[in-house]
Amino acid sequence: MRPVPGERLPLLALRDLVFFPSTVLPLLVGRARSTAALDAAAIRGDLLVVVAQRDADQDDPGPHDLHGVGTLVRIVQRTTLPDGTDRVLFRGIRRVRLEDIELGRHGFLAEPVPFPHPPPPPQRMAEVEALLRRVERAAREFAALHPDLPEPPEGQSDPDSDAESWLEPAGDEVGAAANESPAVRRWVHRLHRLLGHLPLGTPDRQRVLEGATLEEAGERALEALEKELEILHIEERLDQEMSRQLDDERRKLYLREQLRAIQKELGGDGAEWDDLDERISSVTLPDAVRSRAERELDRLRRLNPASPEYGVIRNHLDWILALPWTTLTPDRADVPRARAILEEAHHGLDEVKDRILDHIAVLSLVGRLAGPVLCLVGPPGVGKTSLARSIARALDRRFVRVSLGGVRDEAEIRGHRRTYVGSLPGRVVQGLRQAGSANPVFLLDEVDKLARDGHGDPAAALLEVLDPEQNRGFRDHFLELEVDLSHVLFLATANTLAGIPDPLRDRMEVIRIPGYLDTEKRAIAHRFLLPAQLERHGLPSREIRLDDEAVEAVVERYTREAGVRELDRALARIARKLARQVAEGTRPLDRAETLGSAELPRLLGPPPHRREAAPGAGDRVGIATGLAWTPVGGETLEVEVAVTPGEGGIQLTGTLGDVMKESAAAAFTFARSRARVLGLRPNFHREVDVHIHIPEGATPKDGPSAGVTIAAALVSALTGIPTRAEVAMTGEITLRGRVLRVGGIREKAVAALRMGLETVVLPAGNAADLELLPDEIRRRLRFIPVEGMDEVIRAVFGAGIQGAGSGDEDGALPPALHTPAPPAHGDKT
């Protein structure tokens, strides 16, 4: 049965296959549409059209997903397998162009239009024949080089015959097609059968099938074959090189055994190499690390021990084998146990302990911490390093501390390259070797004191170390291997965030540790410091004690710090004096004794600090007490302002920074804008000189928080009204007298309490910070949140300030400076 012109036939879409005419191929058919096409072909004389999909991965193609040229085929045999799949033997008949493809309920239908190759012009027949013979020669060479093509059987079928001979195996192999007669009428048949069974790519086969002329099809076929031949030649060359390498390896192995035998005869039994071999085989290493270690050992065997490179390779190999690549210590993420350890080792710091326990609780639930790195920020001596040790103890992990203060070379983090003499891995890898496990608690101490110069930026190198998304494959320059740091619990300490670059700070979760209160220092001295110092100096802690008054005197008169480091040194001096007395026999060791504050001058000398008595009301004119934050805790500062007759000059002294100078200028402009309210002449600033001084001139000072203090002292000096001695203040001032939020409220509050002050004036924007202060601070200090300077003046000067100084000419100001006060009608500025 032949197809009728204009008849629509079933269409079968093929994945990753182009079916050429004049070929017989078996195919497995399993898709529902494909099975429906086979069923429809059964009632049309077993005729159907096969065409390749444009995308082989598409399971449900549409009409636009099929190529426009396919092959008319006839079903020779159809067998249904047990799994429901059909095994069908097809015979290609002719090339067709598909028109009017549509998708019906049971599959595709299309009208096949014959698409024969036109005969070439007689004058070009010789050139076409030469081209096709080149294709045949390329196909023979391809068949000879390709390892998967079997020997072709002899014989072929005639594409023009309608006899039943097509039921025989139509010369499916390459060789038979390549040996055909070069008759012109059969070139198309030979070309299709030749390419139909060569393992060419689907796009190349489809381009050959779509060639409009025999010459175009031959050119496309030759191009595809030459490309495949080039690949096969490359594969052959690589196989030969691999064979030569294998022969070289066998030869080297033989020579190595001979060398070992010679060394044994000379007295060297290769014990060093055997030891390294045993270490490599016994240590659990990642595959890449083990391969590198074996290569390094192989290089070491071939070197003369006197060679300089021998020592470099041996050192490298020792470092590889010494690192804990897979050694992990089990975690004890027990929150109650961790709380008990933190309480036992540290007094106070409740907020800090809560934050640490939160992270340990997460670790107990998920098994690992992949969040930000904890950065403990606080003044020196507040216990940042000891907290990190307590975290390691609570988790039952090993502890490693690396000090980064003054580190300015990137190689200190990433390691030195082995081209340098004496090169070593970076501090991170050294810390892992020191810990002996891949999951220690790793403390990066003093991370705010990193430096940078022409050798690179170590802070930038730390970005990879601390990023949980990158440190799984941290690469050390010395090792030249990837080290997994994802199991390490990194902690960092810093005195201030100002020295930490923003990208590095972004990778850390900041936990602030403020300074201790005096009551906390006394408890720490009784509970931790004094017993430790007495034991360190060989004194029985049960027999020698300091009473509460003595400890309080040491805290208040012999130390002035945010932490307890200086307090610890003072107690160590006391212990040394007592130990000397015991050694000289002037103090019995077995006598219980409690030392009072009266003995401190004899043991510690005169007190270096004393609480100055508050000046009288008259002495407070032009003086205001401010609060400042420093890297070592909070401090109080006295701002002094003197007003003298002059011509409007302003002088600033006390080693002030640019920001503090701007605050002084803003305070002076505010005072001028309030001249009428303050009872001053409108042009008073042209008649006087103002000198603003902050004591301790050798200490640099800067920051905006002294703005309200300068303004209060300036108002006091201009009006002759004294400030209240028990009031301290902090806040940034604007030209319009607004008071803006500042930082370091806790540290400043601790400083105010330490100096015996009673009231703290602070910006209203910091009112929320008061909730985080300890109960003792909130109980002993009175806080006044303010939004503007008018409120500051009322808090600092007490009774109304309007008209002040107009009736009293005995003050420091010239009488002409003041004007009668206006009626009390309020401030309209």
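**Salt bridges and surface patches in a predicted model**

Me: In this predicted model, how far apart, N to O, are the side chains of aspartate 467 and arginine 507 where they meet in a salt bridge?
Reply: The side chains of aspartate 467 and arginine 507 meet in a salt bridge, and a salt bridge needs a side-chain nitrogen of Lys or Arg within 4 Å of a carboxyl oxygen of Asp or Glu. The pair links distant parts of the chain, with aspartate 467 in the loop between helix H15 and strand E10 and arginine 507 in the loop between helix H16 and strand E13, 40 residues apart. The N to O distance for this pair is 3.2 Å.

Me: Is aspartate 467 buried or exposed?
Reply: A residue counts as buried when its relative accessible area is under 20%. Aspartate 467 has a relative accessibility of 12%, whereas its partner arginine 507, at 22%, is partly exposed. Because its value is 12%, aspartate 467 counts as buried.

Me: Which helix holds both arginine 292 and glutamate 296?
Reply: Arginine 292 forms a salt bridge with glutamate 296, and their closest N and O atoms are 3.3 Å apart. Both residues are buried, and they also belong to a network of salt bridges that includes Arg299 and Glu309. The two stand four residues apart, about one turn of the helix, and the helix that holds them is H8.

Me: How many residues apart in sequence are the parts that glutamate 226 and arginine 134 tie together?
Reply: Glutamate 226 forms a salt bridge with arginine 134, with 3.4 Å between the closest N and O atoms. Glutamate 226 lies in helix H6 and arginine 134 in helix H2, so the pair ties together parts that are separated in sequence by 92 residues.

Me: Which residues make the nonpolar surface patch of about 320 Å²?
Reply: One member of this patch is Leu365, which has its place in helix H11, residues 350–366. Leucine 365 has a relative accessible area of 75%, and it is therefore exposed. The residues that make the patch are Val362, Leu365 and Val366.

Me: Which residues gather in the patch of negative charge on the surface?
Reply: Asp and Glu count as negative, and one of the residues in this patch is Glu351, which is found in helix H11. With a relative accessible area of 44%, glutamate 351 is partly exposed. The residues that gather there are Asp350, Glu351, Asp354 and Asp358.

Key
Residues numbered from 1 in each chain as written. Predicted model: local features only at pLDDT ≥ 70, side-chain atom pairs only at ≥ 80, totals over all residues. Heavy atoms only, no water. Patch = residues over 30% accessible without salt bridge, like charges linked within 9 Å, V, L, I, M, F, W, Y side chains within 5 Å. Areas by Shrake-Rupley, 256 points an atom, 1.4 Å probe, with all protein chains shown as cover. Buried < 20%, exposed > 50% of the residue type's maximum accessible area, 1.4 Å probe, protein only. Charge placed at Lys NZ, Arg CZ, Asp CG, Glu CD.
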